Amino acid sequence: MAMMFFKNITAELDAMMARDPAAKSRLMVALTYPCFHAIMLHRLARPVYLAGFPTIARMISQLSRFLTGIEIHPGARLGKRLFIDHGMGVVIGETAVIGDDVTLYHDVTLGGIAPSINSAAQVNVKRHPTLEDGVIVGAGAQILGDITVGKGARVGGNAVVIKNVPENSVAVGVPARIVMPKECGNEFAAYGIPTQDLPDPVARAIEGLLDQISRLQGRITALESELETFAAGTSGAEAPESPAIVKQDTGADLPRRFGRS
């Protein structure tokens, strides 16, 4: 049991070092990284919570919050090798579920959006998000409600996610939009943003409208040209008849047309 405990701690330290070039040694991470302290205290608080002592568990979690600036409810389920970079301001709600190898940056919220009224009816109801394995969430992102962020997905900084995010996709914006479905791959993306250029969905929509306007303008120009050609041809065909018509209308036929001799 002790060997397994130390093996798990070593795996946690190695995962943090692998994702943070500023980490120089396991000792540095163990002594100075608030995410490590918060996760270890959560590993202590959760069994107490599950054993039926929620007040004591919350006391442990609040001590962790005071020491690290990271608030993790003891009811939350954390996977292996979680890394909370910087960590300050992170909030993880009671029914949140986090998979393995997930990375969160500072000011991330995994919150619920259920109304505060009739809170008794919300006991034991899942109201916080699920982050599957390998998810990266950028700084300031808010993931709200009982939604799922799929395996390997990336959430950009300050995004507000209120709908499911597919696997291996990138979500950015307020509210979050999927901008790179099935394209971000397995490479690590700092702050949830891949290194390649991100297409802006609004810019793409505007470009599409401009292209359509350009095509319509070309069509209108072609129609106007056809209309002018047709009008010129029609005018040229009727021109010889015009003097005769005028002559008839202004000549001797006028008295006879009105019944005069």
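**Group meeting talk: salt bridges, sheets and core of a predicted model**

I would like to begin with one pair of side chains, those of R65 and E71, which meet in a salt bridge with a distance of 2.9 Å from N to O. This is a predicted model, and I ask you to keep that in mind for everything that follows. R65 has a relative accessibility of 42% and therefore counts as partly exposed, and E71, at 23%, is also classed as partly exposed. As general background, side chains of opposite charge can pair when their charged atoms come close.

The count of salt bridges comes to 6, and I will take you through two others. E94 forms one with R127, where the closest N and O atoms are 2.8 Å apart. What does this pair link? It links distant parts of the chain, with E94 in the loop between strand 4 and strand 5, and R127 in the loop between strand 7 and strand 8, 33 residues apart. R127 has a relative accessible area of 22%, so it is partly exposed.

The other pair is D146 with K126, whose closest N and O atoms are 3.4 Å apart. D146 sits in the loop between strand 10 and strand 11, while K126 belongs to the loop between strand 7 and strand 8, so this salt bridge ties together parts that are 20 residues apart in sequence. Both of these residues are partly exposed, D146 with a relative accessible area of 48% and K126 with one of 30%.

Let me step back to the chain as a whole, which has 7 helices and 15 strands. Of its 261 residues, 34% are buried. If we take the contacts with a separation of 6 or more, 36% of them are between residues 24 or more positions apart.

Now to the sheets. Strands 1, 4, 7, 10 and 13 form an open sheet in the order 1-4-7-10-13, with parallel pairing. Strand 1, residues 71-72, and strand 13, residues 160-161, are at the edges with a single partner strand each, so one side of each has no neighbour in the sheet. Strand 10 pairs with strand 13 in the parallel sense over 2 bridges, and within strand 13 the bridge partner of Q142 is V160.

There is also an open sheet of 4 strands, in the order 2-5-8-11, and its pairing is parallel. Which strands stand at its edges? They are strand 2, residues 77-78, and strand 11, residues 148-149, and because each has a single partner strand, one side of each is left without a neighbour in the sheet. Strand 2 pairs with strand 5, residues 97-98, in the parallel sense over 2 bridges, and here R77 stands opposite V97 in strand 5.

Turning to the interior, the largest nonpolar core has 39 residues, and those touching the most other members are I92, L104, L131, V137 and I143. Helix 1, helix 3 and strand 3 are the elements that give two or more residues to this core, and helix 3 gives the most, with 5 residues. For I143, the residues touched, setting aside those up to four places away in sequence, include L131, V137, V149, V155 and V161.

Since helix 3 came up, I will stay with it. Helix 3 has 17 residues, which at 1.5 Å a residue should span 24 Å, and its end C-alpha atoms are indeed 24 Å apart. Its buried residues are C35, F36, A38, I39, M40, H42, A45 and V48. Just after the helix, G52 takes a positive phi of about 100°.

Is H42, in helix 3, buried or exposed? With a relative accessibility of 4%, H42 counts as buried. Leaving aside its neighbours within four places in sequence, H42 is in contact with P47, I72, H73, P74, A76 and L78.

I will finish with confidence. The mean pLDDT of the protein chain is 81, and 76% of its residues reach 70 or more. Over residues 242-250, however, the pLDDT is below 50, and beyond near neighbours in sequence this stretch has 4 contacts in the model. Where pLDDT is low, the predicted coordinates should not be read in detail.

How values were computed: Residues are numbered from 1 along each chain as its sequence is written. This is a predicted model: local features need pLDDT of at least 70, side-chain atom pairs count only at pLDDT 80 or more; totals for chains, interfaces and linings use all residues. Side-chain values use heavy atoms; hydrogens and water are left out. Two strands pair if DSSP finds at least two bridges between them. pLDDT is the predictor's confidence in each residue, from 0 to 100. Contact means heavy atoms within 4.5 Å. A salt bridge is a side-chain nitrogen of Lys or Arg within 4 Å of a carboxyl oxygen of Asp or Glu. Buried means under 20% relative accessible area, exposed over 50%, partly exposed in between (1.4 Å probe, protein chains only). A nonpolar core is a set of buried Ala, Val, Leu, Ile, Met, Phe, Trp, Tyr and Cys residues joined through side-chain atoms within 4.5 Å. The expected span of a helix is 1.5 Å times one less than its number of residues.
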